[in-house]
Amino acid sequence: MLGRSLPSLCSKREAVSKNGAYQAQALASKGKAMYSSNLKGFILAMVSSAFIGSSFIIKKKGLRKAGVNGPRASSGGYGYLLEPLWWVGMLTMIIGEISNFVAYIYAPAVLVTPLGALSIIVSAVLAHFMLKEKLQKMGMLGCLLCIVGSTIIVLHAPEERSISSVEEIWEFATQPAFLLYTASAIATALVLILYCAPRYGQTNIIVYIGICSVIGSLTVMSIKAIGIAIKLTLEGTNQAKYFQTWIFAMVAITCIIIQLNYLNMALDTFNTAIVSPIYYALFTSFTILASAIMFKDYSGQSASSIASELCGFITVLSGTAVLHSTRDPETPLITDLYTPLSPKVSWYIQGNGELWKQKDEDESSPSFITILRQDYFK
């Protein structure tokens, strides 16, 4: 009896060892596949950053060319739509966005999203050589702070949950918390568009970029829903039959049009090396906030992770403030001394010691000496 049990015991051990070997081999092959997948995502994210960073410069050169022959985009003109160079920039951006979208298929968000900061470096370097826009040392520090802060936020962000249908995303989008965020985002955008943009759009970079960033967070949520719908449809579960898919598509198209319009205004008005980092920082912050509210990403987060993300937000805001304070004025297309790009205000002291303010367009002048000229870029 004992003699019979020994061979069976040995055969069981051999089977266990073989299963262990198979499992180890499977894990090794899985690790290689994950490494290969992450490498593809890394390369695609790098390519995306290069294309997107270049698109800022190409589109701005197109905007400048279009502004010579007609109203500038910052003044409400749409002549850039007839400028081929602007469309080259748009094509470059589309290629970059497609590369970025595909990168998320191969690699996790914690790897792909921080690499988007490389587009800032690309645009700053190209702007220095192609647009002659000098980036100050403090501006470089601001760029670094924006990159570091955004990276901290992304690295400590929670993993995305698995979603099986567009209807499930619709349930997330119609929950009270996200409806409140959507209403707040729309209200903020309307205030910026209707009140702030006509008054402060030419002098405060946060106005145009704020519109792009707030609306952009809604764009990303809609694009994510469309991407999941396409993925599920390719896997055999048709999502086109649900009306929610088409609502997300209409929202995405509307938000993208608004984003492009005000991004063009920002590029046409302010220094590219400043627009890119601020847009990246605010857009990333609002997008993570929208995702956290919609998908409840932070429900299982530890206190240390939440504290790290708060530090990341503070770092991003600090970098934005540094960049905003060190930006250089745009070089006017018309270099006539008496026709500046934007209106200026002159302050005078009259003989009785009272201050007197005069716009440059005003032909009258006081009887004393100018002590300060303050334009909208100071």
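A residue counts as buried under 20% relative accessible area, as exposed over 50%, and as partly exposed in between. The model analysed here is predicted. In it, W170 has a relative accessible area of 23%, so W170 is classed as partly exposed. F243 has a relative accessible area of 49% and is therefore partly exposed as well.

These two residues form an aromatic pair. Their ring centres lie 5.8 Å apart, and the ring planes stand at 70° to each other. Planes over 60 degrees apart count as edge-to-face, and the W170–F243 pair is edge-to-face. W170 belongs to helix α6, residues 166–173. F243 belongs to helix α9, residues 243–269. The pair therefore ties together parts that are 73 residues apart in sequence. The model holds 8 aromatic pairs in total. Ring pairs also link F56, Y279 and F283 into a cluster.

Two packed helices are described by the angle between their axes and the distance between the axes. For α6 and α9, the angle is about 60° and the axes are 9 Å apart. This makes α6 oblique to α9. The crossing is left-handed. On the α6 side, the contact is made by V166, E167, I169, W170 and A173. On the α9 side, F243, Q244, T245, I247 and F248 take part. W170 and F243 thus appear both in the ring pair and in the helix contact. By class, the contact of α6 with α9 has 7 nonpolar, 2 polar and 1 charged residues.

A second helix contact involves α7, residues 176–200, and α8, residues 205–234. Their axes come within 9 Å and cross at roughly 155°. Angles over 145 degrees count as roughly antiparallel, which means that α7 is roughly antiparallel to α8. The crossing of α7 and α8 is left-handed. From α7, the contact draws on F178, Y181, T182, A185, I186, T188, A189, L192, I193, C196, A197 and Y200. These meet V207, Y208, G210, I211, V214, I215, S217, L218 and M221 in α8. The residues of this contact divide into 17 nonpolar, 4 polar and no charged.

Both crossings are left-handed. The α6–α9 contact includes 1 charged residue, whereas the α7–α8 contact has no charged residues.

Definitions and conventions. Residues numbered from 1 in each chain as written. Predicted model: local features only at pLDDT ≥ 70, side-chain atom pairs only at ≥ 80, totals over all residues. Heavy atoms only, no water. Axes fitted to C-alpha atoms, helices over the stretch in contact; angles between N-to-C directions. Helix = DSSP H or I, 4+ residues; strand = E, 2+ residues; numbered from the N terminus. Parallel < 35°, antiparallel > 145°, perpendicular 65-115°, else oblique. Left-handed = near helix turned anticlockwise from the far one by under 90°. Contact = heavy atoms within 4.5 Å. Nonpolar A, V, L, I, M, F, W, Y, C, P; charged D, E, K, R; others polar. Phe/Tyr/Trp six-rings, centres within 6.5 Å; stacked < 30°, edge-to-face > 60°. Buried < 20%, exposed > 50% of the residue type's maximum accessible area, 1.4 Å probe, protein only.
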